[in-house]
Amino acid sequence: MSNESDASEIWAHQQDMYVGFETGDRARTDQYIHPDCTIWESENWAMVIGLGGLNAIRAARPPAEDLPEVTSLTAHDPVIDVWGNIGVLRHTATVVYAGDLPDEQIRNTGVWRREAGGWRLVHNHEQRLWD
């Protein structure tokens with residue numbers, strides 16, 4: 001079932017995507033996302049299709065200065081299975097905000113596909129966990 005080397009690579013890519021988010025380096029994050037990916041995210045009812053759809057969602061968000069400041073985004077508790085050229089990563093993450101805002105918990109499932117250039121995220125399902 002799982003290949004440790006592939007699972008480690010997928011986990012490293014996911015971690016690097018979060019570093020890209022924390023540092024505002026969109027290219028760092030997007031390098032791992034397949035151009036035709038599908039995405040479910042907590043704040044959008046409709047499925048997001050492709051990087052173009054993701055960029056449209058991003059463009060519609062308020063400016064960064066109007067959003068709470070994220071001080072850290074830490075992924076933990078990975079469960080990764082790899083079957084040939086398909087990998088599924090399930091994990092949780094903690095978002096810590098500046099000031100007195102409470103931390104936020106997220107659960108995430110990503111489907112990864114091995115391609116000639118390496119592992120790419122082809123589907124992502126992110127859900128904020130509410131109290």
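Before I begin, a word on terms: a residue counts as buried under 20% relative accessible area, as exposed over 50%, and as partly exposed in between. With that in hand, glutamate 115, at 26% relative accessibility, falls in the partly exposed class. Please keep in mind throughout that what we have here is a predicted model.

Let me start with the overall picture. The protein has 3 helices and 6 strands, and if you walk along the chain from the N terminus, the elements follow the order α-α-β-β-α-β-β-β-β. The C-alpha trace spans about 45 × 30 × 25 Å along its principal axes. For 131 residues, a compact globule would be expected to have a radius of gyration near 14 Å, and the 15 Å of this protein agrees with that. Of those 131 residues, 37% count as buried, and when we look at contacts between residues at least 6 apart in sequence, 47% of them join residues at least 24 apart. As for the outside, the accessible surface comes to about 7,700 Å², with 54% of that belonging to carbon and sulfur atoms.

Now to helix α3. Its buried residues are Gly50, Leu51, Leu54, Ile57 and Arg58, and they cover an arc of only 155 degrees around the axis, which puts them on the same side of the helix. As a general reminder, an α-helix has 3.6 residues a turn, so residues three or four places apart point the same way. What lies over this buried side of α3? The cover includes α2, which is residues 26–30, together with β1 and with β2, residues 44–49. The face of α3 turned away from the buried side carries Gly52, Ala59 and Ala60, which are exposed.

Strand β2 also brings us to the surface, since isoleucine 49 is found in that strand and is exposed, with a relative accessible area of 53%. Together with Trp40 and Met47, Ile49 makes a nonpolar surface patch of about 270 Å².

I would like to spend the remaining time on charged pairs. Side chains of opposite charge can pair when their charged atoms come close. How many salt bridges does the structure hold? There are 8 in the structure, and I will go through some of them.

One of these joins glutamate 41 to arginine 61, with the closest N and O atoms 3.2 Å apart. Glutamate 41 lies in strand β1, residues 33–41, whereas arginine 61 sits in the loop between α3 and β3, so this pair ties together parts that are 20 residues apart in sequence. The two partners are also placed in their own ways with respect to solvent cover: glutamate 41 is buried, at 15% relative accessible area, while arginine 61 is partly exposed, at 37%.

Another salt bridge brings together the side chains of arginine 90 and aspartate 81, at 2.7 Å from N to O. Here the acid, aspartate 81, counts as buried at 12% relative accessibility, and the base, arginine 90, counts as partly exposed at 27%.

Finally, let me return to glutamate 115, where we began. Glutamate 115 forms a salt bridge with arginine 113, the closest N and O atoms being 2.9 Å apart. Arginine 113 is partly exposed, at 32% relative accessibility. Which residues make up the network of salt bridges around this pair? Arg113, Glu115 and Arg120 are the ones linked in it.

Definitions and conventions. Residues numbered from 1 in each chain as written. Predicted model: local features only at pLDDT ≥ 70, side-chain atom pairs only at ≥ 80, totals over all residues. Heavy atoms only, no water. Salt bridge = Lys/Arg side-chain N within 4 Å of Asp/Glu carboxyl O. Helix = DSSP H or I, 4+ residues; strand = E, 2+ residues; numbered from the N terminus. Buried < 20%, exposed > 50% of the residue type's maximum accessible area, 1.4 Å probe, protein only. Arc of directions from axis to C-beta. Contact = heavy atoms within 4.5 Å. Rg over C-alpha atoms; globule rule 2.2 N^0.38 Å. Areas by Shrake-Rupley, 256 points an atom, 1.4 Å probe, with all protein chains shown as cover. Patch = residues over 30% accessible without salt bridge, like charges linked within 9 Å, V, L, I, M, F, W, Y side chains within 5 Å.
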